[in-house]
Amino acid sequence: MSAPRPEQHPEQHPEPHPEPAPGGNPVNVTAVIPARGGSKGIPGKNVAEVGGVPLVARAVRACLGAAHVTRVAVSTDDAAIAAAARAAGAEVVDRPAELGSDEASSESALLHALDRLEEAHGDRVDVLVFVQCTSPFVTAEEVDETVLAVVRDGADSAFTAVPFHGFLWTASPGAGPGHRAHGVNHDSAVRQRRQDRTPEYLESGAVYAMRADGFRRHGHRFFGRTQLVPTAPERAVEIDEPGDLDRARALAPLLDPQQTPAAPSSPVPPSQYLGKEL
């Protein structure tokens, strides 16, 4: 994408960057889409349709369309989600029940899928891509750009984010009725112009990429040098509540200008990227 790539530099020691395997073997970039079946806010959320396509299938298709993704898998504990994922061309990792609860973290599902995929295929994953199907308008380009932040730009972890220009406030109980407001990302006594403010970004929640070995060590999606990938704000729709699903369905005709291609009858091996510093 043509937008600049602002970076964040957490106060951590840099991650070691192993060299490419002898003989120029391609980097293994594996995309995992966690999709549990126990959604309470929207029952059956991950197979709910937007633009006539189940959410999990939309995420799978974005990953399959990314030029730099080697393998696409869906981690799920639900038969309907598994069927939709396979129909869209993804591999399925059966998630144990204890990792499908409300309390289980996304990271725990990712680590489980990473172990199962490496065991099943007998190879090591170099870059793990975490894609959420609750972001229905994620694109293959966004997946690729987030991967390239790691394999090309040398980041340890990366994520999609949208520019944010809002004025944030907190509220605390006051002496009288109502609450007292406090400026968070601005001085409330000085109203800055938008162009004069330091750029800020919100996670879009769509795509995260990370060096797999660093992810194993830290157990978290953010570590080492973290780079953000700016994406279009209009596509940053996250489905958490029924109203979000209604809004996504209303936006689909605008954000899906072309008919979604039919799912392949069998998974199509995507191209591989001969990365650097992995």
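Modeller: Let's start with a term: a salt bridge is a side-chain nitrogen of Lys or Arg within 4 Å of a carboxyl oxygen of Asp or Glu.

Colleague: Thanks! How many salt bridges does the structure hold?

Modeller: It holds nine salt bridges. This is a predicted model, where local features need pLDDT of at least 70, side-chain atom pairs count only at pLDDT 80 or more, and totals for chains, interfaces and linings use all residues. Residues are numbered from 1 along each chain as its sequence is written, and side-chain values use heavy atoms, with hydrogens and water left out.

Colleague: Cool. Which residue forms a salt bridge with Asp-123?

Modeller: That's Arg-71, with the closest N and O atoms 3.1 Å apart. Asp-123 lies in the loop between helix 3 (106-121) and strand 7 (127-131) and Arg-71 in strand 5 (residues 71-76), so the pair ties together parts 52 residues apart in sequence. Helices (H or I, at least four residues) and strands (E, at least two) are DSSP runs, numbered from the N terminus.

Colleague: And is Arg-71 buried or exposed?

Modeller: Arg-71 counts as buried, at 12% relative accessibility. Buried means under 20% relative accessible area, exposed over 50%, and partly exposed in between (1.4 Å probe, protein chains only). Asp-123 is partly exposed, at 28%.

Colleague: New topic: what about Glu-118?

Modeller: Its side chain meets that of Arg-216 in a salt bridge (2.9 Å, N to O). Glu-118 is in helix 3 and Arg-216 in helix 5, 98 residues apart.

Colleague: Which residues are linked with them in a network?

Modeller: Asp-115 joins Glu-118 and Arg-216 in a network of salt bridges.
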